[in-house]
Amino acid sequence: MAQVSMTVNGKTVSGEVEGRTLLVEFLRNDLNLTGTHVGCDTSQCGACVVHVNGEAVKACTMFAAEAEGADVGTIEGQANADGSLNVIQQAFQDHHGLQCGFCTPGMVMSTAALLKDNPKPTEAEVRTYLEGNICRCTGYHNIVKAIMAASGQDVSAIAAE
Amino acid sequence: MPKDNSTVEGGIGAATTRREDIRFLTGEGQYTDDINLTGQAHAVFARSDVANGVIKSIDTTAAEAMPGVLAIFTGEDFVEVGGNPAGWLINSRDGEPMKEPKRPVLAHGKVRHVGDAYAAVIAETKQQARDAVEALEVEIEELPAVIDMASAIEGGGLVHDEIDTNICFDWGWIEDNRAATDEAIKNAPHVTTLELVNNRLVPNAMEPRASTADYNPGTDEYTLYTTSQNPHLTRLLISAFVLGIPENKLRVVAPDVGGGFGSKIYHYGEEALVLAAAKKLKRPVKWTATRSEAFLTDAHGRDHVTKIELACEKDGTFIAFRTETMANVGAYLSNFSTATPTFLHGTLMAGNYTVPNVYVNVKAVFTNTAPVDAYRGAGRPEATYSIERIIDMTARELGMDPVELRRKNFVKPDQYPFASAAGLEYDSGNYDRQMDKLEKMIDREGFAARRAESEAKGKLRGLGVNAYIEACGIAPSNLVGVLGSRVGLYDAATVRVNATGNLSVMVGAHSHGQGHETAFPQVVADMLGIEAASIDIVHGDTAKIPFGMGTYGSRSLAVCGSAVVRATEKIIAKAKKIAAHMLEASDADIELKDGQFSVAGTDKSVSFGEVALKAYIPHQFPIEDIEPGLEETAFYDPANFTYPSGAYACEVEVDPETGKVTVERFAAADDFGNIINPMIVTGQVHGGLGQGIGQALVEQTAYDSDGQLLSASYMDYAMPRADDLPFYQVDHDDGTPCTHNPLGVKGCGEAGAIGSPPTVVNAVVDALQSGGHEVTHVDMPLTPSRVWSAMQG
Amino acid sequence: MYDFEMIRPTTIADAVAALGDEDAQALGGGQTLIPTLKQRLAMPSTLVSLGAISEMRGVCMSDAGEVCVGGATPHAVVAAEATAYPGLAALAGHIGDPAVRNRGTVGGSLANNDPSACYPAAALASGALIITNTREIAADDYFQGMFTTALEEGEIITEVRFPVPEMSHYEKFVQPASRFALVGVMVAKFADGVRVAVTGASEEGVYRWTEAEAALSDDFSAGALADLTVSSDGMISDLHGSGDYRAHLVKVMTGRAVTAAA
């Protein structure tokens, strides 16, 4: 076991981990931040996406020890300071961009990373960016729409309600 | 945006955003694996790596000595308990009941598919349990695997030694129509024949299955937290069939569930194992599947091999459909597995058409593969695919427009109720109107220009169109009882008006993405004239909800929603009596409007909240006539299925150099009857389309001849991603209301997955033919390599 | 996975020393190794993370005009910073998905030499120099078959130097599930000739299509490939495509890469 400490959602945290402890296991089991989900074991589904030093990473494919000293952001830290939904979260609700909710934390975290680098993505850019986030419920239509809306683009012309 | 016909804000017809989203968007959802109980131990299963084998010995000595190991279970430990049963008894054409081998908690004697669990280790940590699984000394003598259905039928190896065949049943529907159908086809001027495969799918709800059991030795009570679409059904199966725990001693909680699509209807052995282990250890025991386990052990979907014939007149008038299908049921019968290829498939084989003769023969086949059961659509996608593919082929053979051929044979609006040749009574619909809408939505007139543009880029463009009808809102108990169901398929709701005027509505349906927490209150709010925000839905806990059958078969609103209506009607009737007492009037004169009870023709009124308070503080209350309290339960058993229908169109581009297919446009015109929340309905259609297009283009479940699953992870099983799919055009306005449920609603959850696979395949065949390729059919999934191979001839 | 000790050295020297232990294994970005460990298909006693070695991260230009990429540089950094070699930057920008690109490294990819990975095609088509803690290895000598390289036990890739071609492009036809290359072709046109590297197709891993190189060196156009045929002998055949299909795609993707080259 080794000591690891990092900043998670602005708070300094530390704990004892094994070498093999994944970042997602540390978040879920040690910190009880269960909003970060595990949907696969081959690093593809993206339900576990968090931010490490501002970049999207798959928390199931990074060891906790590798996050030593890092600034980690999870879904639990995304809402506005007053607890209200942030722009991305609000767009997902407004445009019905989630159903069962399991992939949603990863989708929100990936969206935040996308919009940081590309504040006004096209539809094609959004779809390409989501290559590492799998959703089984929505057929992606409303996720893509929500992301474009979150970027401040007018989505009223997109088909259907 | 949809219209809001309701007088209540947020009532029926409002596109209310979902209240449950808040917790999911902030990481506060609570899924089964998020629940950790004090003192919990962890279970890991030992799973077969061969498809068929005799368990010669399992030596647990070394594993028991491993650090942290608390207990080890093998099949031997469950010999005395029951098997996990099939929910439907199907009789073969000769009247013989289906073969029904025992499905044990853990494999005993033989392992029958890769992933079949034969032991489980319980340890302090998950890693310790896994270490100990590796320390089990196991001798399994591998036998040749039975994988291919045709070979399984012919004989050779057996999946189950105790039955002398791999054929579970050989079912005919409707057997009395067989001779007439054969005769009609023999004499028909035109017969089209098509052999096709409805590809096997892995459901892949994003949340892997998980179960945690807790046992209280003081009360002998168990609690099971599990990923279920139907906690009461799960409890019933465990109590009545498998472990025999009295129902009143077992609480099943299905908290937030991350998608189901059928795969979480069923009771699985892991649930029984953690319950037994929790009792033995007097500690909570937790198990969470990895995705790799999910691929090997979740019930798969589809997997039909079918020959279908369509006989018609020279003018295209349909005479008969005749179908022969082999349906893979895998190694064991999962709970709905025998209903799916039969009554959810054969009864739909008349489609939207006035065809007079229909006959379906289905042989269900055991193989050394994971069990196959209902997956989004369940039987109806298989029926629709067969019918709508062969109609397209017939249109080409006759040189007819595929839309006109369908229109020529559609059931017409004045023919309802319509008795189909496959034994169902369709209550309402208007297929021509949907087709009219669809042709506008897809801009059929503009297709030629778009095709020319594609060709200028070196691409082939195709347009595929089809109709679908399905039977859902499962199901009338009397009818399904006759058809072999071992359960009733009603649902239930309890409406509890609390003293302070807010409401708790306990429902048997389970929401795992469908938005019940938002949509059901819209119904109650509309009926009572109060704010939806004051109404909460309670679901997913057998200790809290009435005995309902859960969520599958697009039944939640049509069946459970109807129970909510009936319970709310009882609330209104009682509340009117209380109001009448308070207003010193006759209850016949009381009107409810906008949350106020008033005496007709007067200005005397009391609010809903005042009546609620009175019910619970019954001072000066006529207790001889009215009981205190305001809580009512209703069970609702539907009179018929609901029959959503629709017309779908899609345009694809095919890259002739690589065979890559891209879906350029997709339009869906659906009839779901009345709509409670159009935003949610649209989302359901989108999701179904994503899965249907996924089936058509990318999802491929393959076992090799040894029974190894080749597509056992996301490295080889392609899930449709955002860049595989387009924006969809959907329209479900102006539906024809269901005639027999109080809301006039039809199920919408599976339609997209039912209607869309043939749309895509029809479009690809159209594209290939436009490029001069004499391709009449390509089996799904239409991967680039398959399409390219088809083009090579 | 089996447990192991995790070491995070900050210098190459310390990493090399740590890798001297028997059963020690280097950890790059972990995007392939961690899923492998989860399946318990590897059992290192020690994992030596290379992620904290700053001298192994970053993109720069050599005096000879090569793009030099530190062995522990994530794909996303190469995509953003290898602007002097647009074909390389584009290739790096399409590996895996965005989150994978923030962790996966060039050194990790080349050390693993997955037969469907993208970077081997870039290294081979560029004629890159693979620099390790002990030596320099030409790409032509480095790749020795599927999952096999010239690396010795404990040897780590510290840097990769990519000569910058006049024109280049990587054309990837993705395997629909993994999104690795079903067939990927990197074409690089240098003053002294064209190099063509093919990944995803061969059972031998990445390879140079020398017939195409010769034809394209004479005439750098897709048309120059017209008379060439690709044999399906030795091509990978699996769920996602037969050997014939892959052989066909090699030619199609090469032509597209040439047409798109800039």
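This report describes a predicted model, taking chain C, the A–C contact, and selected elements of chains A and B in turn.

**Chain C**

Chain C contains 10 helices and 12 strands. Its radius of gyration is 18 Å, close to the 18 Å that the globule rule gives for 262 residues, so chain C is as compact as a globular protein of that length. Along the principal axes, the C-alpha atoms of chain C fill a box of roughly 55 × 45 × 30 Å. Of the 262 residues in chain C, 59% are buried. When contacts in chain C between residues at least 6 apart in sequence are considered, 61% of them join residues at least 24 apart.

**Contact between chains A and C**

On the chain A side, 23 residues are in contact with 22 residues of chain C. Two elements of chain A, strand 4 (55–58) and helix 3 (104–117), each supply at least two residues of the side that touches chain C. Strand 4 of chain A gives the most to that side, with 4 residues. By type, the residues of chain A on this side are 9 nonpolar, 7 polar and 7 charged.

**Helix 1 of chain A**

Helix 1 of chain A spans residues 23–30, and its buried residues are L23(A), V24(A), F26(A), L27(A) and R28(A). The cover over these buried residues includes strand 2 (11–17) of chain A. After helix 1 of chain A comes N32(A), which has a positive phi near 60 degrees.

**Paired strands in chain B**

Strand 3 (residues 69–74) of chain B is mostly covered, with 5 of its 6 residues buried. Strand 3 pairs with strand 5 (residues 117–123) of chain B. Within this pairing, T74(B) stands opposite A119(B) of strand 5.

Further along chain B, strands 22, 23 and 24 form an open sheet of 3 strands in the order 22-23-24, with antiparallel pairing. Strand 22 (590–593) and strand 24 (605–607) of chain B stand at the edges with a single partner strand each, so one side of each is left without a neighbour in the sheet. From one strand to the next, the twist averages 25 degrees. In the pairing of strand 23 with strand 24 of chain B, the bridge partner of S598(B) is S605(B), which lies in strand 24.

The bridges in two of these strand pairs are set out below.

| Strand pair (chain B) | Bridges | Direction |
|---|---|---|
| Strand 3 and strand 5 | 5 bridges | antiparallel |
| Strand 23 and strand 24 | 3 bridges | antiparallel |

**Helices around the sheet in chain B**

Helix 15 of chain B packs on the sheet and touches strand 22, strand 23 and strand 24; the direction of helix 15 makes about 120 degrees with that of strand 22. Helix 16 (residues 608–616) of chain B lies across strand 23 and strand 24, running at about 75 degrees to strand 24.

Helix 15 (residues 556–583) of chain B also meets helix 14 (residues 516–528) of chain B: their axes come within 10 Å and cross at roughly 35 degrees. The crossing of helix 14 past helix 15 of chain B is right-handed. On helix 14 of chain B the contact residues include H516(B), F520(B), V524(B) and L528(B), while those on helix 15 of chain B include S556(B), G561(B), V565(B) and I572(B). The residues of this contact divide into 10 nonpolar, 4 polar and no charged.

Conventions
Residues are numbered from 1 along each chain as its sequence is written. Chains are lettered from A and ligands numbered from 1 in the order in which they are written. This is a predicted model: local features need pLDDT of at least 70, side-chain atom pairs count only at pLDDT 80 or more; totals for chains, interfaces and linings use all residues. Two residues are in contact if their C-beta atoms, placed from the backbone, lie within 7 Å. Ala, Val, Leu, Ile, Met, Phe, Trp, Tyr, Cys and Pro count as nonpolar, Asp, Glu, Lys and Arg as charged, and the others, Gly among them, as polar. The radius of gyration is taken over C-alpha atoms; the globule rule is 2.2 Å times the number of residues to the power 0.38. A residue is buried if 20 or more other C-beta atoms lie within 10 Å of its own, exposed if 12 or fewer, and partly exposed in between; C-beta atoms are placed from the backbone. Two strands pair if DSSP finds at least two bridges between them. Axes are lines fitted to C-alpha atoms, for helices over the stretch in contact, and angles run from 0 to 180 degrees between N-to-C directions. A crossing is left-handed if the near helix is turned anticlockwise from the far one by less than a right angle, and right-handed if clockwise.
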